[in-house]
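Reader: Could you pick one part of this model and take me through it slowly, along with whatever surrounds it? I'd like one connected account rather than a list.

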Amino acid sequence: MAAKSPRKKAATRTTTRKPRRKKAEPASKGLSAAEVASEAATPPVELVQGIQEDGGQVLSVYRDPLGAHTVVFAALPIDKVEPTPYQRDLSEPHVKRLAGAMERLDRFLDPIIAIRKEGRYWTPNGNHRLHASKLLGGKSIMALVLPEEDVAYQILALNTEKAHNLKERSLEVIRMHRGLTGARAGRESEFAHLFEEPAFLTLGAAYEKRPRISGGAYNPFIKRAESFLDLPMAEALRVREARADKLLELDDAVATVVEGLKARGLQSPYLKNFVVARINFLRFKEGPVEFEPTVARMISSAKKFNLDKVNREDIGRMSGPLLAEDSE
């Protein structure tokens, strides 16, 4: 009996699935309404005083209903609130749509989250609402002010105001890495829970250097080849920068192949994805792989790419929606 081809072998390999989350019993966790508002919510005196000194007004202090953490509900001077320095870029169309909706309703009903930082307030969740309020000429903004500064670094978990795409998530993560580097001791691997995926770090560094790189085409192999580094933050950041440079070198080699295919009359929005898929040898390789040799081999394959072996039917078999950043 003939042996299975690598392609078929890979297709029949079983995958490990995460266990399903066990459904919680109704009303089995957290605080009751009375407990949320009880006197057990000890006011964080220093934070309350700081808000008042900054020209803000504390309206209430309560415990959040899930984890019983203290939250200060306050009105803050809008000119003292700013986004965290490592989150996604602002979407002007989103700000204008939001401002229009707020103006029609004549209400601001969705408080932002804020963390006090040296007399200023960082918001990891609320940048678009903040700018919409400023666009409308607002003087103050309602905020849930959290005493724990570390929450500002939980940006991927908190910032659900507008859905992330791969580019936005990657840029947020690399900016967070830069913000933590120098500000915190420790190794990159110790912050894995904040960064979510190691691929975001390398892709983010690449997006900073080349905003229009088609990250979605490269993400599948980067996810396999990347892992969190057991290196001090500053040293790990240098590795990410170097890997981003190698990824851009690969992107240049792929772009050359794409231009060659176009010169032969082959046109498709999937050309780059097609070329990357062709040179991605990891489809036929099992087990762990390393980033540097993987990219080096793919660059070599791109430089030796045989344009004459590609026809329209090959490209026509590429299917599936393009990611937003890959359709530019």
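Author: Let's settle one word first: a residue is buried here if its relative accessible area is under 20%, exposed if it is over 50%, and partly exposed in between. Keep in mind, too, that this is a predicted model.

The part I'd pick is α10, residues 215–225, together with the loop that follows it and leads into α11. For the setting, the protein has 14 helices and six strands, and 42% of its 328 residues count as buried. Of the contacts between residues at least 6 apart in sequence, 75% join residues at least 24 apart.

Now to α10 itself. It is mostly covered, with eight of its 11 residues buried. Those eight are Gly 215, Gly 216, Ala 217, Tyr 218, Asn 219, Phe 221, Ile 222 and Ala 225. And what lies over them? The cover includes α7, α9, α11, α12 and α13.

Take α9 from that list. Since 10 of its 12 residues are buried, α9 is largely enclosed by the rest of the structure. Its buried residues run from Pro 198, Ala 199, Phe 200, Leu 201 and Thr 202 to Leu 203, Gly 204, Ala 205, Ala 206 and Tyr 207. The cover works both ways: α10 is among the elements over the buried residues of α9, along with α7, α8, α11 and α13.

Much of this comes together in the largest nonpolar core, which has 59 residues. Two residues of α10, Tyr 218 and Phe 221, are among those with the most contacts inside that core, and the others are Phe 195, Leu 247 and Leu 250. Several elements supply at least two core residues each: β4, α7, α8, α9, α10, α11, α12 and α13. The largest share, 11 residues, comes from α11. There is also a second, separate core of 16 residues, which includes Leu 47, Val 48, Val 58 and Ile 78.

Leu 247 is a good place to see the packing residue by residue. Beyond its neighbours up to four places away in sequence, Leu 247 touches Tyr 218, Phe 221 and Ile 222, as well as Leu 203, Ala 206 and Ile 213. Tyr 218, Phe 221 and Ile 222 are buried residues of α10, while Leu 203 and Ala 206 are buried residues of α9.

Leu 250, another of the well-connected core residues, takes us on to α12. On the α11 side of that pairing, Leu 250 is joined by Asp 251, Val 254, Val 257, Val 258, Leu 261 and Lys 262; they meet Leu 271, Lys 272, Phe 274, Val 275, Val 276 and Ile 279 in α12. By class, this contact has 10 nonpolar, no polar and three charged residues. The two axes come within 9 Å and cross at roughly 115 degrees, and the crossing is right-handed.

Now back to the loop after α10, where the picture changes. Asp 230 sits in the loop between α10 and α11, and its relative accessible area of 54% is why it counts as exposed. Setting aside residues up to four places away in sequence, Asp 230 touches Arg 187 and Ser 189. Its side chain makes a polar contact with that of Ser 189 at 3.4 Å.

Arg 187 belongs to another loop, the one between α7 and α8. At 33% relative accessible area, Arg 187 is partly exposed. In sequence it is 43 residues from Asp 230, yet their C-alpha atoms are 5.8 Å apart. The side chain of Arg 187 reaches the backbone oxygen of Asp 230 at 2.7 Å. Arg 187 is also in contact with Leu 231, Pro 232 and Met 233. With Met 233, the C-alpha separation is 5.2 Å across 46 residues of chain.

So which two stretches meet here? The loop between α7 and α8 holds Arg 187, and from there Arg 187 contacts the run Asp 230, Leu 231, Pro 232 and Met 233, the last of these being where α11 begins.

Key. Residues numbered from 1 in each chain as written. Predicted model: local features only at pLDDT ≥ 70, side-chain atom pairs only at ≥ 80, totals over all residues. Heavy atoms only, no water. Helix = DSSP H or I, 4+ residues; strand = E, 2+ residues; numbered from the N terminus. Buried < 20%, exposed > 50% of the residue type's maximum accessible area, 1.4 Å probe, protein only. Contact = heavy atoms within 4.5 Å. Polar contact = N/O pair within 3.5 Å; in protein donor to acceptor, adjacent residues only side chain to side chain. Axes fitted to C-alpha atoms, helices over the stretch in contact; angles between N-to-C directions. Left-handed = near helix turned anticlockwise from the far one by under 90°. Nonpolar A, V, L, I, M, F, W, Y, C, P; charged D, E, K, R; others polar. Core = buried A, V, L, I, M, F, W, Y, C linked by side-chain atoms within 4.5 Å.
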